[in-house]
Amino acid sequence: MIDTERQAFGVYVHWPFCLSKCPYCDFNSHVRHAAIDEGRFTQAFAREIETTAARAPGREVTSIFLGGGTPSLMRPQSVGAILDAIGKHWRIARDVEVTLEANPTSVEATRFAGYRSAGVNRVSLGVQALNDASLKQLGRLHSAREALDAVAIARQCFARYSFDLIYARPDQTPAMWADELALAIKQAAEHLSLYQLTIEQGTPFFGLHAAGKLKTPDEATARTLYDVTQEVCAKHGLPAYEISNHARKGAECRHNLVYWRGEEYAGIGPGAHGRLDINGERHATATEKRPEAWLMRVEANGHGVITDDVLNREERADEFLLMGLRLAEGIDPRRYKALSGRAIDEQRIAVLREEGAITVDPDGRLRVTQAGFPVLDAVVADLAA
Ligand SMILES: C[S@@+](CC[C@H](N)C(=O)[O-])C[C@H]1O[C@@H](n2cnc3c(N)ncnc32)[C@H](O)[C@@H]1O
Ligand code: SF4
């Protein structure tokens, strides 16, 4: 059972550096050829944690997520110092989930035991593909063997781990994907994140795709790949609990549930987003994205926040729909009404239900169906209108 009773509070910490930039990635990640002053960055993280905790005091932290970028490039002592700063300024739940995102190279896997000693209790590995040709095409720095070895080390070091794969890659057929997925499931204990390759504007893949040099599966094949994903995972006891995330019952990533359930979280580090409830209002915060500019802001002002918007009722309700409908558990329309001040249009619910895009539970909960997930944006837009 997913815990829905307790007040959740997540802390997201963004480490913005990578060894090289993958050609499909538009995350806030940067490559630096000179050495990074990790100690100085770590102190800035601690400082921003202190300032944020002063704005949002008294919370009990139920999850921490060190994401990137490539946080597995950090020294275990730096991770320990960041976790200590969180523990100094907030109360930490006894069963806190502490996830670190890691790239599965052999060098990074040697740090796993150190991360565990520092307080990390879950890793999320960016495996991406289980064959070397695809890894090369994705511009990855590790081989499939190296990635599987890193998964094995993760299994020894942590009670909980997950890994990511990207599908709908160039030339990938549903049969090839079904085989790869079956192999992945054998290696995955409890959780897998399976993302359809998105061609993001501004990335090298975008240019190649536009020039016809990178052919991704057409819409019908992408749909079949999605269906294969659902079937193979469900058959092996890893049903989707979110549009791209699969887990055994009880093994869902608690930190990501904070986002999807519209709960509160602090965003620390360059380009991190937060949602903080201050004086009864929900604040959407975002920090400076450029790492060195963020560092200077934190050193000067104690924080790198450059956007701090109070969300109005409509914005809160729209965000609640957009995030909540990604989850298999769906949303309670009464919460939507409480947030926006108006109920979701019954007529629209009836039409989407007839089209097979959503279901309505006896208690009124709305859930998007497997047929509805591939057109989720349209479903959300319809319900929010
Ligand atoms: C921001 S990355 C950080 C993880 C880590 N740096 C790595 O690459 O292993 C998180 C995940 O997003 C996914 N991802 C990034 N860009 C993507 C894209 N364009 N399409 C699909 N998935 C993507 C990858 O699966 C990746 O593991
Ligand atoms: S996918 Fe991961 S390693 Fe590659 S550039 Fe993005 S954040 Fe860095």
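Which residues of helix α11 are buried? I shall open with that question, and the answer is a short list: within residues 291–301, the buried positions are Pro291, Ala293, Trp294, Leu295 and Val298. These buried residues pack against helix α1, which covers residues 38–55, and against strand β11. Just after α11 comes glycine 302, whose phi is positive, at about 90 degrees. Please bear in mind throughout that the model before you is predicted.

Let me now step back to the protein as a whole. It has 15 helices and 14 strands. For a compact globule of 385 residues one would expect a radius of gyration near 21 Å, and the value for this protein is 21 Å, so the two agree. The C-alpha trace spans about 55 × 55 × 40 Å along its principal axes. Of the 385 residues, 52% count as buried. The accessible surface comes to about 17,300 Å², and carbon and sulfur atoms account for 52% of that surface.

Two further values describe the whole chain. Taking contacts between residues at least 6 apart in sequence, 70% join residues that are at least 24 apart. As for charge, the protein has 45 positive and 51 negative charges, and their mean positions lie 3 Å apart.

I return to strand β11, one of the elements against which α11 packs. This strand covers residues 281–287 and contains arginine 282. Is arginine 282 buried or exposed? Its relative accessibility is 5%, and it therefore counts as buried. Its side chain makes a polar contact of 2.9 Å with the side chain of aspartate 277. A polar atom of the arginine 282 side chain also lies 3.4 Å from the backbone oxygen of glutamate 263. Beyond its neighbours within four places in sequence, arginine 282 is in contact with several residues, among them Gly262, Glu264, Leu276, Asp309 and Arg316.

The next site is aspartate 332, in the loop between α12 (313–324) and α13 (333–340). Where does the side chain of aspartate 332 reach a backbone nitrogen? It does so at arginine 334, at a distance of 2.9 Å. Aspartate 332 and arginine 365 are 33 residues apart along the chain, yet their C-alpha atoms are separated by 4.7 Å. Setting aside residues up to four places away in sequence, aspartate 332 touches Phe320 and Arg365.

I shall close with some details of backbone geometry. Which two residues are joined by a cis peptide bond? They are glycine 68 and glycine 69, with omega at about 15 degrees. Glycine 69 belongs to the loop between β2 (60–68) and α2 (76–89).

Two residues that are not glycine also deserve a mention for their positive phi. For glutamine 128, phi is about 70 degrees; this residue is in strand β4, residues 122–128. Glutamine 128 has a relative accessible area of 9% and so is buried. For aspartate 171, phi is about 65 degrees. Aspartate 171 lies in the loop between β5 (160–167) and α7 (174–187). With a relative accessibility of 61%, aspartate 171 counts as exposed. The pair thus offers a buried case in glutamine 128 and an exposed case in aspartate 171.

Thank you for your attention.

Conventions: Residues are numbered from 1 along each chain as its sequence is written. Chains are lettered from A and ligands numbered from 1 in the order in which they are written. This is a predicted model: local features need pLDDT of at least 70, side-chain atom pairs count only at pLDDT 80 or more; totals for chains, interfaces and linings use all residues. Side-chain values use heavy atoms; hydrogens and water are left out. Helices (H or I, at least four residues) and strands (E, at least two) are DSSP runs, numbered from the N terminus. The radius of gyration is taken over C-alpha atoms; the globule rule is 2.2 Å times the number of residues to the power 0.38. Buried means under 20% relative accessible area, exposed over 50%, partly exposed in between (1.4 Å probe, protein chains only). Contact means heavy atoms within 4.5 Å. Accessible areas come from the Shrake-Rupley method with a 1.4 Å probe; for residues, only the protein chains shown count as cover. Lys and Arg count as positive and Asp and Glu as negative; His and the chain ends are not counted. The place of a charge is taken as NZ of Lys, CZ of Arg, CG of Asp or CD of Glu. A polar contact is a pair of N or O atoms within 3.5 Å; within protein, one must be able to donate a hydrogen and the other to accept it, and residues adjacent in sequence count only if both atoms are side-chain atoms.
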